[in-house]
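Trainee: Before I rely on the labels attached to this model, I would like to go through them with you and hear the reasoning behind each one.

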Amino acid sequence: MPASQLEQLEMPAPARLQWRRLCLSSVVLAAITALIVWAAVADLLQQGRLATVLSAGWGELAAPLLIALVVVTGICERIWPAEPRPVLARGHVQDACYLALHAAVVIPLMTLLSVGAASLIGSHARWLELRATAHWPAWLIIPLTIGAMDAANWLAHFADHKLEPLWRFHALHHSQEELSVLTSFRAHPLMHTTGFILATIPVVVLIPARAIAPVLITIYVCIGTLQHANLRWTFGPLGRVIVSPAYHRLHHATDNQAVNLGVVLTIWDALIGYARFPARRHPVGRTGLDGRPVPVEQDRSSRPALLLLADQLAEPFRTHP
Ligand SMILES: [Zn+2]
Ligand SMILES: [Zn+2]
């Protein structure tokens, strides 16, 4: 018998099978993310600014304003729920675990991804920087940059739905069958890589020598967080421009997720023909993924919350025969 066949026989079967089941594209995305984060940490350590930048990231992404918004929205969900359900419904408990993960892991990761992407673009693609905008007034260039960031986020979301390697990570967010404000935090940490790389480009291009006021970033994040609320709010006429909970709920429908991809502004959907505006008289539709391709807490055989969380985070790395 040839030596290679002997080696195969001696190798424990489960280990061999596990390697075969690892999804290569997901490993590559994890490696790219690690490289960007490494670039950011190396850069910040050299400048002695790692702790300052991480705490600034916390200031923007875990600001008191955002915490207040989550609490107030939670209260509103109890008073005017789109779908009445107990406060400790399994979906709420599971998404609360994601909130903890978001605070501990995702916020530092997001901060380092932004810094890493900016540092890589700055050192390898300086030609992207528009010097002419340096003299433009702040009231013009800052809203323009935030609008361009929102367009980049739309593009990243579009890619999440169109490209299978990215959908593997985005599917977890869509697997929630009991939407609430906490679902905003139900995301695989590696889902953010494409969005942060793309959203950094307009900042580097348009305002290479300036910064967006942290409060504006917090307001942007607040609007993006409110969209998952278990509320029927359409925002009235404002809902034609800003993503409302009712508008985003249509994106989480079990049967058609190819609409309403907007993160904060609806205009990109409207321009491409993807916008479906909800009316208050419409019934509240079901959310989640048909066939439950991602393990979910609503499944009767599901495991305790933290074990299920580990299972859900591992899911993009698995291949199924
Ligand atoms: Zn989506
Ligand atoms: Zn969503």
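Mentor: In this predicted model, the elements of the protein chain run α-α-α-α-α-α-α-α-α-α-α-α-α from the N terminus on, and the count is 13 helices and zero strands.

Trainee: How do you know that the radius of gyration of the protein chain agrees with that of a compact globule?

Mentor: A compact globule of 321 residues would have a radius of gyration near 20 Å, and because the protein chain has 21 Å, the two agree. Along the principal axes, the C-alpha atoms fill a box of roughly 75 × 50 × 35 Å. As for the contacts within the protein chain, of those between residues at least 6 apart in sequence, 77% join residues at least 24 apart.

Trainee: What share of the residues counts as buried, and what supplies the exposed area?

Mentor: Of the 321 residues, 47% count as buried, a label that requires a relative accessible area under 20%. The protein chain exposes about 16400 Å², and carbon and sulfur atoms supply 70% of that area.

Trainee: Why are H4 and H10 called oblique to each other?

Mentor: Helix H4, residues 50-61, and helix H10, residues 214-226, pack at an angle of about 50°, with their axes 8 Å apart. Angles under 35 degrees would count as roughly parallel and those from 65 to 115 as roughly perpendicular, and since the value for this pair falls in neither range, H4 and H10 are therefore oblique. On the H4 side the contact is made by Gly59, Glu60 and Leu61, and on the H10 side by Pro214, Ile217, Thr218 and Val221. By class, these residues divide into four nonpolar, two polar and one charged.

Trainee: What makes H7 and H8 roughly perpendicular?

Mentor: The axes of helix H7, residues 138-162, and helix H8, residues 164-174, come within 6 Å and cross at roughly 100°. Because that angle lies in the range of 65 to 115 degrees, H7 and H8 are roughly perpendicular to each other. H7 contributes His157, Ala159, Asp160, His161 and Lys162 to the contact, while H8 contributes Glu164, Leu166, Trp167, His170 and His174. This contact has three nonpolar, four polar and three charged residues.

Trainee: Why does Asn260 count as buried, and what is noted about its phi?

Mentor: Asn260 lies in the loop between H11 and helix H12, and its relative accessibility is 0%, which is under the 20% cut-off, so Asn260 counts as buried. Its phi is near 55°, a positive value in a residue other than glycine.

Trainee: How do you know that Phe235 is partly exposed?

Mentor: Phe235, found in the loop between H10 and helix H11, has a relative accessible area of 25%. Buried would require a value under 20% and exposed a value over 50%, so Phe235 falls in between and is partly exposed. Phi of Phe235 is near 65°, again a positive value in a residue other than glycine.

Trainee: Why is Phe277 called partly exposed, and which residues does Phe277 touch?

Mentor: Phe277 has 26% relative accessibility, a value between the 20% and 50% limits, and therefore counts as partly exposed. This residue lies in the loop between H12 and helix H13. Not counting residues up to four places away in sequence, Phe277 touches Gly239, Arg240, Tyr247 and Thr266. Phe277 and Ile121, by contrast, are 156 residues apart in sequence and 37 Å apart in space, C-alpha to C-alpha.

Conventions:
Residues are numbered from 1 along each chain as its sequence is written. Chains are lettered from A and ligands numbered from 1 in the order in which they are written. This is a predicted model: local features need pLDDT of at least 70, side-chain atom pairs count only at pLDDT 80 or more; totals for chains, interfaces and linings use all residues. Side-chain values use heavy atoms; hydrogens and water are left out. Axes are lines fitted to C-alpha atoms, for helices over the stretch in contact, and angles run from 0 to 180 degrees between N-to-C directions. Helices (H or I, at least four residues) and strands (E, at least two) are DSSP runs, numbered from the N terminus. Angles under 35 degrees count as roughly parallel, over 145 as roughly antiparallel, 65 to 115 as roughly perpendicular and the rest as oblique. Contact means heavy atoms within 4.5 Å. Ala, Val, Leu, Ile, Met, Phe, Trp, Tyr, Cys and Pro count as nonpolar, Asp, Glu, Lys and Arg as charged, and the others, Gly among them, as polar. The radius of gyration is taken over C-alpha atoms; the globule rule is 2.2 Å times the number of residues to the power 0.38. Buried means under 20% relative accessible area, exposed over 50%, partly exposed in between (1.4 Å probe, protein chains only). Accessible areas come from the Shrake-Rupley method with a 1.4 Å probe; for residues, only the protein chains shown count as cover.
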